[in-house]
Structures are given as C-alpha cells and as structure tokens.
Amino acid sequence: MRAFAVRSFGEPPSVHDLPVPAADGTVLIRVRFAGVNPLDSNLLGRLTAASSYPFVVGIDFAGVAERVPAGDHGLQAGDRVFGMARTHGSYAEYTAAAPGATLEPVARIPDGVTDDQAAALPIPATTALRTIDLLEVTAGQQVVVMGATGGVGGYAVQMARSRGAHVIATVRGDAGEARRLGAEEVYDSQAGDVIDALRAAHPDGVDAVLDLVNDPDAIRRDAEIIRPAGRLVSTIFAADEGWFAQRQITAHNHASSANPLISPRGLVTVAQMLADGTITARIRSTFGLDAAGQILDELRHGGLRGKAVIRL
C-alpha cells in the first residue's frame, strides 16, 4: 500500500510502499480520506530512535471496513466507518484499529455525512465538544474563543452558539469566517491588543474563555477579561490552574488522553451534530497523498486556512 511515512529515525517523511497492516484482532479499513491536524506534525517532531518504525503519519480517517474481528463491535465488513488510528496511522491506503483500544475508536458514519466530512471530525470536533462541556456553556453566557477559525476553534464557535451563548471570537485576519461560523463579536489580533479591546467592551468580564493559542505567559492575561467564578480551558496545557484559582477562575488544561468523547459514542455524537446542521465540516482543501508534505509544511507555518483532508 502507499503511505506517507518515516521509515527510520532522522529520515524525512515521504510516500513509500508499505505492507498492509496485519488484521488479526483489528478492524482493517480501506482509507478513503485522512483528516489533517496540527497533532500530525507535532507527533513527527517527537519521534526518537526508540520510536516504532515505519511511522505512518496521521490519525483521523474515514473509509470502509474490509475485515472485522469476531465479537460484538457494532461493525461489519462493508460499513462506512471513521475514527482514529494512532497505532497504524491514517495517511495510507489502509489502516487498522483494535475495537476497544485506548484512543482508537471506530464508528459507523451516519447517513447524511460524507466520507470527507467524517474524516474532518474525530480529533478537532471531539476536542471542541469536550472543551465546551468543561466550560459549562449555557444559553446567555458570553464565551470567548481564542483562535476561533482553526480546526478546534471553528467547531467550538458553532457548538457554543448552538447552546445559545453569545460567542466572541479572536482571530488573525479571518473576521469574516468567524462571523459566518456564528461569532457575534470578532477581534483581530492583527489590528491591536485583543485583551485590551475585550476589557473595554466587557468591563464586567465574560463568563468563559477557550484559549487555543496562548502560551503559559500570555494566557495569564485572560484573567483580565474573565469575571469571578468564570471558567477557562487551554488545549495546549498552558494554564496554571492554581494561579487562576487564586483569582476565582476555574481553569482546565484539556488532555486528549482524558477526553471521554474519544469513543465510538463520542464520534457518533459529533457526526450527528454535522448531519443535523449544528456544525459544518469547513473543508477548505482536498489533496492527494503526494502533497502530504506540502500540507504539513503549510500547517506548521500558518498558511493553511480551514480544514484540509487527504484523498486516498
């Protein structure tokens, strides 16, 4: 099979011919689309000499189950499926995932959701929904999403809006996109200091902030715009939870390993949100496997707008 992979430590990733994953005890999937996420590039940067090789890049996928192990998994050969393939990777013509394996859920794609849309969902949509849950977003609240037009942010804006929140977005030059997603206020960091602007617009503070962009130093300024008893979530482990607690703010560092939505049920939940129009997949670009290196380079340097998927 063709796969975008690293064959040995120190080698750059490229397209190779690799064996199809062994199917014993796993669901063997013929991949139709792979979702592109920042985590794909991050994991490449974490490879060491002790990592398992070949390392196939990518996690999110959508395709067809070609073989299903015995047991009651709710799946059968021929099903359209989507999910996360952390062991065998997703930028490949085939991948495999063991039913019940930690952080490797597989689920049927609901009617009304296309394969490319399904591939765009697993990591960013389940992350977005979990952060909205941690923020305890309800109708009438003022919720800031920092990095509102990224993969997670775009879903989070739509999900918060669907709960009746007043959504405030911070962006870098994508004000129109944020408004199309449902943000009612938009602040562009290229136009000035967004914290100063938010403090002026909301002197009593906002209820919640989802911060997808700021590092441990910069995120402390979020305390200037969150009212007492407000909430904060960081998806990059930047929040000093104790420091924020001293300021009467409940802060959470979201960890995907602790996300209960990374499960077949969680996958179906976000896919149904897409099917019923609560969220849109926002696929901006579709590439072939040979362009995978270019996509990851654009992702690292901020040149990729909207969601990208790879067609296998």
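How many bridges join strand 1 to strand 2, and do these strands run parallel or antiparallel? In this predicted model, four bridges link strand 1 (residues 2-6) with strand 2, and the two strands run antiparallel. Within this pair, Ala-3 stands opposite His-16 of strand 2. Both strands belong to an open sheet of three strands. The order is 2-1-4, and the pairing is antiparallel. Strand 2 (14-17) and strand 4 form the edges, each pairing on one side only.

Strand 4 spans residues 55-56 and contains Val-56. Is Val-56 buried or exposed? Its relative accessibility is 10%, so Val-56 counts as buried; the cut-off for this class is under 20%. Neighbours within four places in sequence are left aside in what follows. The contacts of Val-56 then include Ala-3, Phe-4 and Ala-5. Leu-18 also touches Val-56. The remaining partners are His-88, Gly-89, Ser-90, Tyr-91 and Ala-92. Ile-279 lies 223 residues from Val-56 in sequence. In space, the two are 30 Å apart, C-alpha to C-alpha.

A second open sheet has six strands with parallel pairing. Its strand order is 11-10-9-12-13-14. Strand 11 (185-188) and strand 14 (250-253) are the edge strands, and each pairs on one side only. On average, neighbouring strands of this sheet are turned by 15° against each other, direction ignored. At one edge, strand 13 (residues 226-234) runs parallel to strand 14, and four bridges join them. Val-233 has His-252 of strand 14 as its bridge partner. Helix 4 packs on this sheet. The helix touches strand 9 (142-146), strand 10 (166-171) and strand 12 (206-211). The direction of helix 4 makes about 165° with that of strand 10.

Helix 4 (residues 151-162) also packs against helix 3 (residues 122-134). Their axes are 8 Å apart, at an angle of about 50°. Helix 3 is therefore oblique to helix 4. The crossing of the two is right-handed. Which residues of helix 3 and helix 4 meet? Helix 3 contributes Pro-124, Ala-125, Thr-127, Ala-128, Leu-129 and Ile-132. Helix 4 supplies Gly-151, Val-152, Tyr-155, Ala-156, Met-159 and Ala-160. By class, this contact has 10 nonpolar residues, two polar and no charged ones.

Helix 3 has another packing partner in helix 8 (residues 264-275). The two axes come within 10 Å and cross at roughly 90°. Helix 3 is therefore roughly perpendicular to helix 8. Pro-122, Ala-125, Thr-126 and Leu-129 make the contact from helix 3. From helix 8 come Gly-266, Leu-267, Thr-269, Val-270 and Met-273. Six residues of this contact are nonpolar, three are polar and none is charged. Ala-125 and Leu-129 of helix 3 take part in the contact with helix 4 and also in the one with helix 8.

Helix 1 (residues 38-45) packs with helix 9 (residues 292-300). Here the axes are 9 Å apart, and the angle is about 95°. Helix 1 is therefore roughly perpendicular to helix 9. Pro-38, Asp-40, Ser-41 and Leu-44 of helix 1 meet Leu-296, Leu-299 and Arg-300 of helix 9. The contact divides into four nonpolar residues, one polar and two charged.

Key: Residues numbered from 1 in each chain as written. Predicted model: local features only at pLDDT ≥ 70, side-chain atom pairs only at ≥ 80, totals over all residues. Heavy atoms only, no water. Axes fitted to C-alpha atoms, helices over the stretch in contact; angles between N-to-C directions. Parallel < 35°, antiparallel > 145°, perpendicular 65-115°, else oblique. Left-handed = near helix turned anticlockwise from the far one by under 90°. Contact = heavy atoms within 4.5 Å. Nonpolar A, V, L, I, M, F, W, Y, C, P; charged D, E, K, R; others polar. Pairing = 2+ DSSP bridges. Buried < 20%, exposed > 50% of the residue type's maximum accessible area, 1.4 Å probe, protein only.
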